[in-house]
Protein chains: 2
Amino acid sequence: MVYRAGKLGHMPAAPVDQSERRSGALLEYLARRMRLRSESVLAPLGLRPRHLVALTVLRDSGGSSQQALAGTLEMDGTNVVGLLNDLEAAGLVERRRSPQDRRRHVVELTTVGAKRLNEAECALASAEDEVLGALAPGEREIFYDLLRRAAGPAVTCADAYVDEER
Amino acid sequence: MVYRAGKLGHMPAAPVDQSERRSGALLEYLARRMRLRSESVLAPLGLRPRHLVALTVLRDSGGSSQQALAGTLEMDGTNVVGLLNDLEAAGLVERRRSPQDRRRHVVELTTVGAKRLNEAECALASAEDEVLGALAPGEREIFYDLLRRAAGPAVTCADAYVDEER
DNA sequence: ACAGATAGTTTGTGTAGCGCCAACCATTTA
DNA sequence: TAAATGGTTGGCGCTACACAAACTATCTGT
């Protein structure tokens, strides 16, 4: 549904402000700031933001096939391979062949991986403090909750193995 | 330095409880999904997510020097030049020399730019619907508000080149 | 008025992420 | 047995970005 609030958007200075949900640019903006800071914080741990995302997904889903992971992360399968290679080389993740279908790899966090993820998240706290500094603790809590719920469907959908067609 | 659980070492093993600050990965994740969708929606308008961010900042700050813009966007000055070249070539933005300091360019949205930004945001609504679909409208409102406040300080701060009425 | 700093621009270099294609293996399914 | 599927590898090409160097125009301080 495309609603034009009216084609009159003009007036440079004091208009409309139909700021209902214009989250796109803001989200991008915030995420960028967060990433810039995260990178430096994460570097000593040998991780990059992507890795964190992948690890988080894996923790929350409790393991998934690479294909499903590629789906959740919305990135190309071939690149997922590289990502997992990194993580596995670091011992943070494990690929096991699925007993049901031995073509598949079931990817799971290792204990070390979970621990490292935890550390990383702690280390990240300062970055978040900086980026989300304008929010009060309570608000940040809400923010986190909303983030999680927004991301949730894809992430929490742990079954991850159901898929055909496509 | 290796991060150790040290002083906040309560709960070394419980995976679920420290759900306070976990926004980093989620933010990144959501932003990525949003960007993927935004790109396709924005393409027909000849814009990319970065442009959107820049335009948004410019609108919200009501104009700023390139240097200030580089600061807000946290990107290198030389790359801002290219970004603005695009935008100016498309007539969405205008560089005027500052009367106070003629070395400076004051960058401002043009009327066309404001209009285009508006259109882009409308076009983006569907992308947002998709990505934030799990949130109820009211929640989305809150989410947007939080985003805005979190981003706010940096954006609103811009050294206020007083200037209205383009 | 001159030197040095500053805003912006241009060009060029290097790095990294990522989508995509193609070839290939192991395995499953028809 | 043939075809489809999950994963892997390698390669191509594009884009974003930081960074550096050189240049112009302009400001500022002594």
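This is a short talk on how two protein chains meet each other and two DNA strands in one structure.

Before I start: the model is predicted.

I begin with the two chains. Turn chain A by 180°, with 0.0 Å of shift along the rotation axis, and it superposes on chain B with an RMSD of 0.1 Å. That is how a two-fold axis relates two copies.

Next, the contact between them. It draws 54 residues from chain A and 56 residues from chain B. On the side of chain A that touches chain B, the elements giving two or more residues are helix H1 (23–42), helix H2 (49–61), helix H5 (111–131) and helix H6 (137–156). H1(A) supplies the largest share, 15 residues. Sorted by class, this side of chain A has 31 nonpolar, 7 polar and 16 charged residues. Why do we say that the copies meet through the same surface? Because 85% of the interface residues of chain A are also interface residues in chain B.

Now the DNA. Around DNA strand C there are 21 residues, and the closest are Asp76(A), Arg102(A), Gln66(B), Gln67(B) and Arg103(B). Three elements give two or more residues to this surface: helix H4 (77–89) of chain A, and helix H3 (66–73) and helix H4 (77–89) of chain B. Which helix gives the largest share? H4(B) does, with 5 residues. The surface near DNA strand C divides into 3 nonpolar, 9 polar and 9 charged residues.

For DNA strand D, the number of residues around it is 21, and Gln66(A), Gln67(A), Met75(B), Asp76(B) and Arg102(B) come nearest. Here the elements giving two or more residues are helix H3 (66–73) and H4 of chain A, along with H4 of chain B. The largest share, 5 residues, comes from H4(A). By class, the surface near DNA strand D has 3 nonpolar, 9 polar and 9 charged residues.

Last, the sheet in chain B. In general, strands of a sheet pair through backbone hydrogen bonds, in a parallel or an antiparallel way. In chain B, 3 strands form an open sheet in the order E1-E3-E2, and the pairing is antiparallel. Strand E1 (64–65) and strand E2 (93–97) of chain B are the edge strands, each pairing on one side only. E2(B) is joined to strand E3 (residues 105–109) of chain B by 5 bridges. Val93(B), for example, stands opposite Leu109(B) in E3(B). H4(B), the helix we met at DNA strand C, lies across E2 and E3 of chain B and runs at about 110° to E2(B).

Methods. Residues are numbered from 1 along each chain as its sequence is written. Chains are lettered from A and ligands numbered from 1 in the order in which they are written. This is a predicted model: local features need pLDDT of at least 70, side-chain atom pairs count only at pLDDT 80 or more; totals for chains, interfaces and linings use all residues. A residue is near a molecule or strand if its C-beta atom, placed from the backbone, lies within 6 Å of it. Helices (H or I, at least four residues) and strands (E, at least two) are DSSP runs, numbered from the N terminus. Ala, Val, Leu, Ile, Met, Phe, Trp, Tyr, Cys and Pro count as nonpolar, Asp, Glu, Lys and Arg as charged, and the others, Gly among them, as polar. Copies are superposed by least squares on the C-alpha atoms of residues with pLDDT of at least 70 in both. Two residues are in contact if their C-beta atoms, placed from the backbone, lie within 7 Å. Two strands pair if DSSP finds at least two bridges between them. Axes are lines fitted to C-alpha atoms, for helices over the stretch in contact, and angles run from 0 to 180 degrees between N-to-C directions.
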